[in-house]
Amino acid sequence: MQNMNFILLIPLLPLAGFCLNSIMALLQTKQKEVTSQITVSRIACGSVLFSFLLSCAAFFILFTEPHVAALQYPAFLEWMALEHFSISFGFLIDHFTCIMLLFITGVGFLIHVYSVGYMKKDPGYSRYMAFLNLFLFFMLVLVMADSLLVLFIGWEGVGLCSYLLISFWFTDSEKAKAGKKAFVVNRIGDFAFLIALFITGSCFFSLQSETPSAENIFHFSYLAKNASVLIPHITLITFCLFIGATGKSAQIPLHIWLPDAMAGPTPVSALIHAATMVTAGVYLVARLHFLFILSPFTLNIIACLGVLTAFFAALIACTQYDIKKILAYSTISQLGLMFLALGVGAFSTAIFHMFTHAFFKAGLFLCAGSVIMALHHEQDIRHMGGLKKTMPLTTLMFLIFTLAISGIPPFSGFFSKDELLTLVHSQAQYASYYWLALFTAGLTAFYMTRLFVTVFLGQARFATTCQPQEPPSSMTIPLILLALFTLGTGFLGLPPVFGHHWLQGWLQQGSSVTAHTAGITTTQEFFLMGLSVGGSLFALSLAYVLYTKKAGLTPKFKTSAKNVYTLVFQKFKIDECYEFLFVRPIKFFSEHILNKNIDQGLIDGLFVNGMAFAARFFGRSLSFAQTGLLNNYAFYLLLGLTVVLITVVLM
Amino acid sequence: MTLFPVTIHHYLILSALLFCLGFIGIIIRRNLLIILMCLEVMLNAVNLTFVALARYYLQEDGHIITLFVMAIAAVEAAIGLGIVLTLFRNKESVRTDRFTAMKG
Amino acid sequence: MADYLFYIFSFITVLTVLLMIFQKNPLASALLLILGFFSLAALYILLHAPFIAALQILVYAGAIMVLFVFVIMLLNLKKTVSPPDTGWIKKTLIFLVGSVLFLFFVFAFFCIPETLFPAVSEGFGSPEKIGELLFSKYIIAFELIDILLLAGIVGAVLLGKKET
């Protein structure tokens, strides 16, 4: 561990950007045209760019000096100093964090640049840039945390920024509702996270240590060393942490917020709901791999829920019509695959898939944003088509990203997905999960090709008044860069048959994350590889045929399997179930019991009005003694005199 | 009756009796003039106490105080009756149950 | 002999005061009170306070009560034709509290040890003795009383003025 002070700047630069931009945003409401968009853009993008450069510097240091386990800036703020333990805040960059930093700041910077073009005409531009910077600050705090508490701060912060950015156009009540839904569902996960924190803390607090030491009990290295203390409660702790990850990373049953979160601007969807925030759950589980390994029960649940999420989300994505919703369900599905990898113990594979997924999913969203902007905010794919002629660059980019997500070599998606599937297959108890995951991979290829074909190929179905053109260069250059990364990052994780798996080696340094090898023969590996690629190609060609040549088959299928189709199209009615089971009772309870009876009846009636009534009542009853008659007052005099004299004598 | 010679206690009990009777008179009667007269009775009871104690302790200071009390009583009676006159001019009555402006 | 006189005059005093309280006619009350003051003056003489007794008759019976009678006549108060002053419940209550006070006084007064009156010297309570005390020890109080009388005169004149 080496102390490096410059790493403090990595999160602080976006925070400074946020402060400056929010001042600009506040100034803008008073006087128009006081602040220029260029200044705001420069501040926002510049701060993220410098963060990226500093992350590269950190990577360079770790790369060139293998003996350094991690860079840290420990305990710069002390929060609590208790008898045996202390809780303080600090930052840590080890090899795992370094990878996260690179793609968070890198993709973040590209999306900032894209937003400059996308949000150009929006009146809330400075506010948007401020929130985007704030989000990056919190995300960086999350990944650079050296203890669970700092991670939780970042965790909450990204949830907040997600809410702020989803309901960015809050004047539309639907969008505001979507933001609220995201935050509330996130909160459920946060609650479970807190419970896990409390249990962990109590396990350590009940430990009487002989010498009072100032250890930070939530620090990752401390937790790794003393994980044995937590063994009696390890299942509960890991389960609660997983529920927190479920809320943040949109797994069943807390996935409902992510499709609605598409109400926010498209770059927000790209950054938060594709590349970074939703991967926080994966990050958490991978970080605490030493705890999860001790609890095979939780790992089973993670794998099971992951594969189910992947499957169902892919099914739903096959039937949706909104371009962003399809991509949202695609994200949920890919996250499910990541959790499946975590569940079978392949932590570094999950990280690899998260890494490649960030690039192509962000690219997919940004392309969708270009399309939406070109067609004047049209999001229904039934009203799109034939965009290949007028937007060739976007079409090419989208094709690259589609091939990546479908798992076609040599794009990056192939390498990570294939490794994932191989490792799932290699564990005998997860055989059924493998076939389901393989089918899901096929479904992924199917619906992504469906999306590509419907939007870009075929006849133009949009209104003739729209003239779609290529977006400006501020929006296309990030796309090109992302496409290049999609092509290149796959080669960081070559399977053993092809070469050296650099990422696995990197992550194992400094014992950040354990890695797996499948332990299977070369022929088996090629066979599985062929199986996955073949399945994807089959699904791809099926979708191509269905949606271009035999365009009549799909409506017939819809009418013949009407019930099943409707169920899948309506997202298995989960939203309606939650509405009925949870939302309505709570609303009823709040409205009728809490509001009417307790708030108005008890507090207003008894305490507030009752006090006034009591005062008036006693006052009025005492005023009966004031008759105005001289004789009565003389009697009171006599009475008082007698009483006083007797009291004095008796004392 | 030399069997029960008159002691200081007799005079003191007498004055206490007169005092209480005067006080009760104030409370009972509604006529303002009667009330003032009962007030005079109370003052006289106090005078009697002073004179009796002066006799008991053989100091004429009690007489002096009695003198002063009488002077004050005279002034007070004069002013009090002036007030009764003014009240009668305004309210056409000297009954205290007509003067209930301070009620409530 | 003096004892008899004490009992007679104390009886007269209490009786007149009682009667005075319960008279309907205010003029009758005033005249009864004059009688009471006379008997009180007699008691003062029994207590070897001739000067005070004289002053009692002069000031109280002769000035204050005459003033009362003047006012009663001036106001032309008839016999009070009104409902009884207070109900009997209240009267009982008042009597009770009053008797409690009286008993308290009695209890208090018995702190003085029971002895007879000491023998009195010649000239006790005479005007000379009172004058001596008044103009030496109590000169300031005397002057202040003077001012008080002045204030009383002014007040009485003001209050008695007719509204023009």
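This dialogue considers a helix pair in chain A and the overall form of chain B in a predicted model.

Colleague: How are two packed helices described?

Modeller: In general, the description rests on the angle between the two axes and on the distance between them. In this model, helix 16 (residues 392-406) of chain A and helix 18 (residues 431-456) of chain A have axes that come within 9 Å and cross at roughly 170°. Helix 16 of chain A is therefore roughly antiparallel to helix 18 of chain A, because angles over 145 degrees count as roughly antiparallel.

Colleague: Which residues make the contact between these helices?

Modeller: Helix 16 of chain A contributes A:T394, A:T395, A:F398, A:L399, A:T402, A:I405 and A:S406. From helix 18 of chain A come A:T444, A:A445, A:M448, A:T449, A:L451, A:F452 and A:F456. By character, the residues of this contact comprise 8 nonpolar, 6 polar and no charged.

Colleague: Turning to chain B, how many helices and strands are there?

Modeller: Chain B has 3 helices and 0 strands, and its elements run α-α-α from the N terminus on.

Colleague: What is the radius of gyration of chain B, set against that of a compact globule?

Modeller: For 104 residues, a compact globule would have a value near 13 Å, whereas chain B has 18 Å. Along the principal axes, the C-alpha atoms of chain B fill a box of roughly 55 × 25 × 25 Å.

Colleague: What share of the residues of chain B count as buried?

Modeller: Of its 104 residues, 65% count as buried. The accessible surface of chain B is about 3800 Å², and carbon and sulfur atoms account for 71% of that surface.

Methods:
Residues numbered from 1 in each chain as written. Chains lettered and ligands numbered in written order. Predicted model: local features only at pLDDT ≥ 70, side-chain atom pairs only at ≥ 80, totals over all residues. Heavy atoms only, no water. Axes fitted to C-alpha atoms, helices over the stretch in contact; angles between N-to-C directions. Helix = DSSP H or I, 4+ residues; strand = E, 2+ residues; numbered from the N terminus. Parallel < 35°, antiparallel > 145°, perpendicular 65-115°, else oblique. Contact = heavy atoms within 4.5 Å. Nonpolar A, V, L, I, M, F, W, Y, C, P; charged D, E, K, R; others polar. Rg over C-alpha atoms; globule rule 2.2 N^0.38 Å. Buried < 20%, exposed > 50% of the residue type's maximum accessible area, 1.4 Å probe, protein only. Areas by Shrake-Rupley, 256 points an atom, 1.4 Å probe, with all protein chains shown as cover.
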